[in-house]
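New to this one? Here is a quick, informal tour to read with the structure open beside you.

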Amino acid sequence: MPMLSDEARAKVNLSLRVNGRRADGYHDLESVVAFADCADRLTLTPGAGLNLKMSGPLAEACGDTSDNLVLKAARLLAERVPGMKAGCFTLDKVLPVAAGIGGGSADAAAALRLLAQLNGLALDDPRIIEVAELTGADVPVCINSRSCIMTGVGEALEALSLPKMPCVMVNPGVPVATRDVFNALGLRNGELLVGVTDVLLRDRWPDDKASLEEWVEALAANSNDLEAPALRVQPVIGEVIAALNATNGAWLARMSGSGATCFAIYENTADAGRAAEQIRRDHPGWWVHAGTLS
């Protein structure tokens, strides 16, 4: 059978609100999620067995392949699909690791899409959905890689129409463990940060015809609640945000997810391109991408 291939696009949290921590220890979140035009590439060569090979500039940062979410997702799906066809995955890793942009989750989602294609499964097959949720909180949203409002622990998704957002994404090359950031947030099991009378996040966002400027205004009125605890874990995040804010034309600069990747939104791609060049020149060791979010 021919080799199959798919892109694992980076996920960006344009906003992230922590509503509290459930009794089971999981955090209840509300987030507006967009996807970038930068991605890892995953290929699947059908054959006997199941394995993973790594390539690309950031392959070494992924560590032992046996712990990779690609294999975790594939093994969980194999437990639910008798006689599942698989083979050898090859992951071309270009996205930073432990970076708040769902790189590993996007890779796992790409693996599930490729296995679904190989085995004639629909992406809304209950087994695909179950495995996505079991693999990681960001995997469900990465299955379709479309902008949405994500709530709960990542399992509740509501489609959202966003304008194209010219952006610059920057990672300082320092991994940030999500667990460390939530520990720094310091919520106890069962502790809530919002009440039942709070207006739901989805009710406050612009409609489908809203302009980029209207969206930036709405996002600026919100925040990423994990930014402050992440700054305590890795203060360099503050330097990244400051560098983005110092570029000409930056409308909004913010951290994505649990960090350390940050992004800025610009009026047009030319401004974003010039900003990226400036940051690359001033910080040659940082990972920088200029593109669009949608």
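What follows looks at the core, a pair of strands and one helix in a predicted model.

## The nonpolar core

Start on the inside. The largest nonpolar core has 38 residues, and those touching the most other members are Leu-42, Leu-77, Phe-89, Leu-112, Leu-115 and Val-141. Two or more residues each come from strands E1 (4-21), E2 (27-47), E4 (86-92) and E5 (148-152), and from helices H1 (69-80), H2 (103-119), H3 (126-135) and H4 (139-144). H2 gives the largest share, ten residues. As a rule, nonpolar side chains in soluble globular proteins tend to be buried together.

Leu-77 is a good spot to zoom in on. Beyond its neighbours within four places in sequence, Leu-77 is in contact with Met-84, Leu-112, Leu-115, Leu-121, Arg-127, Ile-128 and Val-131.

## Two strands and a crossover

Next, find strand E3 (residues 50-55), which pairs with E4 in the parallel sense over six bridges. To pick out one bridge, look for Asn-51, whose partner in E4 is Cys-88. Between these strands the chain passes through H1, making a β-α-β crossover that is left-handed.

## One side of H3

Which residues of H3 are buried? They are Ile-128, Val-131, Ala-132 and Thr-135. These four sit on the same side of H3, because they cover an arc of only 105 degrees around the axis. Their cover includes H1, H2 and H4.

At the N-terminal end, H3 is capped by Asp-125, with a side-chain oxygen 2.8 Å from the backbone nitrogen of Arg-127.

Technical notes:
Residues are numbered from 1 along each chain as its sequence is written. This is a predicted model: local features need pLDDT of at least 70, side-chain atom pairs count only at pLDDT 80 or more; totals for chains, interfaces and linings use all residues. Side-chain values use heavy atoms; hydrogens and water are left out. A nonpolar core is a set of buried Ala, Val, Leu, Ile, Met, Phe, Trp, Tyr and Cys residues joined through side-chain atoms within 4.5 Å. Buried means under 20% relative accessible area, exposed over 50%, partly exposed in between (1.4 Å probe, protein chains only). Contact means heavy atoms within 4.5 Å. Two strands pair if DSSP finds at least two bridges between them. A crossover is right-handed if, with the strands pointing away from the viewer, the path from the first strand over the helix to the second runs clockwise. The arc is that of the directions from the helix axis to the C-beta atoms. A polar contact is a pair of N or O atoms within 3.5 Å; within protein, one must be able to donate a hydrogen and the other to accept it, and residues adjacent in sequence count only if both atoms are side-chain atoms.
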